[in-house]
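Colleague: Please take a close look at one part of this model, the largest nonpolar core. I should like a connected account of the residues and elements that form it.

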Amino acid sequence: MKILIATDGSPYCKSAVEQFLKLPFAENTQVRIVSAYKKSPLALSTGSMAKLKDGYAEADKSAFKLAEEAANHAADIVRAKKTGFTIMTAVLDGLPQHVILQEAAVFKADLIVVGANGHGFSEGIQIGSVSRGVASHANCSVEIVRI
């Protein structure tokens with residue numbers, strides 16, 4: 001079985017990882033843990049905006065590092081509790097919903113596991129809901145975990 005776990009390091013995503021660990025899967029399960037960050041288009045600017053560009057580049061490095069830490073932390077939790085799994089991590093540039101769906105398609109995931117912050121319908125429209133978007137557009141099963 002191939003399972004994709006999406007994380008941003010939030011308590012909601014940590015709950016999703018913990019819930020995943022409670023489910024029975026065969027030892028040869030492949031787990032791909034992904035975390036998304038959005039690179040600033042201004043980091044690529046040139047010319048008189050050099051100082052501003054440097055600031056955006058630093059922010060991008062920080063965002064990448066946070067996403068990397070989230071993916072690695074989730075992988076460490078899974079490795080500590082499940083043996084016999086193949087565990088891979090990826091930090092990808094893009095909007096979370098798009099990154100998750102694209103990576104699930106490439107990975108040929110059988111299941112996507114995501115956390116949800118529990119916003120209601122009206123807040124979800126205003127804020128945008130990654131879990132709702134993933135569930136609506138995924139070509140495989142999706143488990144949404146709320147805390």
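Modeller: Of the 147 residues in the chain, 37% are buried (under 20% relative accessible area, with exposed meaning over 50% and partly exposed in between; 1.4 Å probe, protein chains only). This is a predicted model, in which local features need pLDDT of at least 70 and side-chain atom pairs count only at pLDDT 80 or more, while totals for chains, interfaces and linings use all residues. Residues are numbered from 1 along each chain as its sequence is written, and side-chain values use heavy atoms, leaving out hydrogens and water.

The chain has five helices and five strands, in the order β-α-β-α-β-α-β-α-α-β from the N terminus; these are DSSP runs (helices H or I, at least four residues; strands E, at least two), numbered from the N terminus.

The largest nonpolar core holds 18 residues, of which Ile5, Phe20, Ile33 and Val78 touch the most other members. Such a core is a set of buried Ala, Val, Leu, Ile, Met, Phe, Trp, Tyr and Cys residues joined through side-chain atoms within 4.5 Å. Two or more residues each come from β1 (2-6), α1 (11-22), β2 (30-37), α2 (50-81) and β4 (111-116). The greatest share, five residues, is given by α2.

Phe20 illustrates the packing. Beyond its neighbours within four places in sequence, Phe20 is in contact (heavy atoms within 4.5 Å) with Ile3, Ile5, Phe25, Val31, Val78, Phe85 and Val113. Apart from this core lies another, of 14 residues, including Ile100, Ala109, Val114 and Cys140.
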